[in-house]
Amino acid sequence: MNCSHHEHLFRHLSILHRYTRIYIHNRVAETDIECCHPPYLMCILHNEGMSQDELAKEFRIDKGSVAKTLRQMEEAGFVTREEDENDRRRYRIYLTNQGRETIPRLKDLADDTEAILTKDMTQEEITALRQLLEKATANILSVTEKGGNDCGSQVL
């Protein structure tokens, strides 16, 4: 099959997204961690006490999806949500001890995933890949955020 350049890029993005999720899912299958939890947990680690709204903005995901995922992580014992003292409508998110204990495994998972994705690439290629992904992300956000579109609520 011969795809045009645009279809080819779209095809690669689709495959990369799906198979990265499958890899992560397989790696966390024996735990209470869901495929979408690692990025949230790592973000919360570096931003203890952040609000649900801030987490939604960080990942560009609708607030309802973030609340649902946080509820799952809370039920699994990874995070707690505490009412903000100054604004009772806002919840602050903290890792529990169990959540902290998962962090080394999540760091290993992130490192292993990145190693697989960048296998046989030079450091210069990896740097260029990061820069190109940042640029592509900014490009798509510039057109989707103008209209307030939320084209999906899942995070890797």
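**One aromatic pair in a predicted model**

Read along the sequence, this protein chain runs α-α-α-α-β-β-α-α. That is six helices and two strands, taken as DSSP runs numbered from the N terminus, with H or I of at least four residues for helices and E of at least two for strands.

This is a predicted model, in which local features need pLDDT of at least 70 and side-chain atom pairs count only at pLDDT 80 or more, while totals for chains, interfaces and linings use all residues. Residues are numbered from 1 along each chain as its sequence is written, and side-chain values use heavy atoms, leaving out hydrogens and water.

Now the whole chain. Of its 156 residues, 29% are buried, meaning under 20% relative accessible area; exposed is over 50%, and partly exposed lies in between (1.4 Å probe, protein chains only). Among contacts (heavy atoms within 4.5 Å) with a separation of 6 or more, 58% are between residues 24 or more positions apart.

Next, the rings. How many aromatic pairs does the structure hold? One. Tyrosine 40 and phenylalanine 59 have ring centres 5.4 Å apart and planes at 45 degrees, so the pair is tilted. For reference, rings of Phe, Tyr and Trp (its six-membered ring) pair if their centres lie within 6.5 Å; planes under 30 degrees apart are stacked, over 60 edge-to-face, and the rest tilted.

The pair links distant parts of the chain, 19 residues apart: tyrosine 40 sits in helix 2 (residues 37-46) and phenylalanine 59 in helix 3 (residues 52-59). Tyrosine 40 counts as buried because its relative accessibility is 1%. Phenylalanine 59, at 24%, is partly exposed.
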